[in-house]
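These are my notebook entries on a structure that was new to me. I set down what I looked up, in the order in which I looked it up.

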Amino acid sequence: MALRARIIGTGAFAPPRVVTNDEMAKIVDTNDQWIQERSGIKTRRLVDYEGAMSTADMAEHAARGALERAGITAMDLDLIIVGTVTPDLRVPSCACILQDKLGAKNAAAFDVLAACAGSMFALSVADKFLRAGTVKRILVVGAETLSVITNWTDRSTCVLFGDAAGAFVVEAGPEEGPGLIDTAVYSDGSTWQHLYIPAGGSKKPLTPELLAARQDRLIMNGREVYKIAVRSLVDAARKILEKNGLTANDIDLVVAHQANLRIIEAVADRVEIPLERFVINIDRYGNTSSASAFITFDEAVRDGRMKPGSKVLMLAIGAGMCWAAALYRA
Ligand SMILES: CC(C)(COP(=O)(O)OP(=O)(O)OC[C@H]1O[C@@H](n2cnc3c(N)ncnc32)[C@H](O)[C@@H]1OP(=O)(O)O)[C@@H](O)C(=O)NCCC(=O)NCCS
């Protein structure tokens, strides 16, 4: 029997601390108007201080919500896949630490690194496992403590990011009815230098000098990332619609990675899906990387915008550059 991956529970978590643009203006030379006009961000949620709450801590909150809504326990999970670039430790994976926190003793666990597209890459991997029939239930998580890799002296990046976690419980079900219709993942490694962390890996292990120069923090060529993001997301959206015999008119809801409101507006315009069909929360959370698409999906479930039968287009892009698309029937 052909199988389809259904999202049977979603969860989201963001740290309680709300940081306004005016507060950002006390840290770097910026202002509320610039941030809102260029990105659409009004506030972001950040952990109280570096180390106050880890990525796995936030992932646990989101995962417990998703498990509860799915009506299953952690013991029912066969697999845990976490998309993150900010794992608690270099080794082991964030997924294994999350497994321990949840007591998901029957699951295998691993991380996926595709930056802001990490949760969507993880969802695509989960889809393949479920369709193959090798496992029945998977916890897919996008979780990120971006504040620990943000350069708080760089105004061109630090105003954009936030911390959060989103989780899906995905279960194999019959081909008919709700579930993932299709997923697609893409990368263009030749563009990696537009968004990266210079030091702290095997190429440039950290030294006191590199730390002092904040080389353990994100560097971004914003203009290039912007252009690649719009081009790639539009291309991925068109391809997945065409491949599945759908048009923009068929899409009820778009759940896209919240990188920048202007990117979302440009994609909406080019793909010809009205902006009202995009779920938008960047104003409240900023760019939360791999958590972004999942917390946005969760919001649409909770506020009733995602109705039974809704056709949902999901899109995400991140460092690498890596990008992904998915079609989901609610
Ligand atoms: C980062 C981004 C918002 C910057 O917007 P932009 O319109 O490209 O702005 P620029 O980088 O050209 O900078 C314009 C000016 O604003 C200044 N500026 C940059 N950050 C600023 C800030 N926080 N506050 C005030 N001024 C700022 C720049 O120094 C520059 O000044 P100059 O003209 O005197 O040199 C935009 O490029 C972007 O969103 N890129 C994509 C980022 C992204 O989505 N990344 C994640 C992908 S997963």
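Entry 1, strand β7. I looked up the pairing of β6 with β7 in this predicted model and found that 9 bridges join the two strands, which run antiparallel. Within this pairing, Glu144 has Ala164 of β7 as its bridge partner. I then turned to β1 (residues 3-13), which is joined to β7 by 10 bridges and also runs antiparallel to β7. Here Ile7 stands opposite Val170 of β7. I next counted buried residues in β7 (residues 163-174): 10 of its 12 residues are buried, so the strand is largely enclosed by the rest of the structure.

Entry 2, helix α4. Of the 9 residues of α4 (residues 94-102), I found 7 buried, and therefore this helix is largely enclosed by the rest of the structure. I listed the buried ones as Cys94, Ala95, Cys96, Ile97, Leu98, Gln99 and Leu102. What do the buried residues of α4 pack against? They pack against α3 (55-70), β4 (79-83), β5 (108-112) and β6 (137-145). After α4 comes Gly103, with a positive phi near 70 degrees.

Entry 3, the nonpolar core. The largest nonpolar core holds 110 residues, and I noted that Ala59, Ala62, Ile80, Leu98, Ala117 and Val141 touch the most other members. At least three residues of this core come from each of domain 1 (3-176) and domain 2 (180-329). I followed Ile80 further: setting aside neighbours within four places in sequence, Ile80 is in contact with Ala95, Leu98, Gln99, Ala104, Ala107, Ala109 and Leu139.

Entry 4, the ligand. I found 21 residues surrounding the ligand, the closest being Thr30, Cys116, Gly222, Tyr226 and Ala259. By class, this shell has 11 nonpolar, 7 polar and 3 charged residues. Which elements each supply at least two residues of the shell? They are α2 (32-39), α6 (155-158), α8 (222-243) and β12 (311-318). Helix α8 gives the most, with 5 residues. Where does the ligand lie with respect to the domains? Domain 1 and domain 2 both give residues to the shell, so the ligand lies between them.

Entry 5, Lys227. I located Lys227 in helix α8. Is Lys227 buried or exposed? I recorded Lys227 as partly exposed, because it has 14 C-beta neighbours inside 10 Å. I also checked Lys227 against Ile263, 36 residues apart from it along the chain, and found their C-alpha atoms separated by 8.6 Å.

Conventions. Residues are numbered from 1 along each chain as its sequence is written. This is a predicted model: local features need pLDDT of at least 70, side-chain atom pairs count only at pLDDT 80 or more; totals for chains, interfaces and linings use all residues. A nonpolar core is a set of buried Ala, Val, Leu, Ile, Met, Phe, Trp, Tyr and Cys residues joined through C-beta atoms within 7 Å. A residue is buried if 20 or more other C-beta atoms lie within 10 Å of its own, exposed if 12 or fewer, and partly exposed in between; C-beta atoms are placed from the backbone. Domain bounds come from an automatic or database domain assignment. Two residues are in contact if their C-beta atoms, placed from the backbone, lie within 7 Å. A residue is near a molecule or strand if its C-beta atom, placed from the backbone, lies within 6 Å of it. Helices (H or I, at least four residues) and strands (E, at least two) are DSSP runs, numbered from the N terminus. Ala, Val, Leu, Ile, Met, Phe, Trp, Tyr, Cys and Pro count as nonpolar, Asp, Glu, Lys and Arg as charged, and the others, Gly among them, as polar. Two strands pair if DSSP finds at least two bridges between them.
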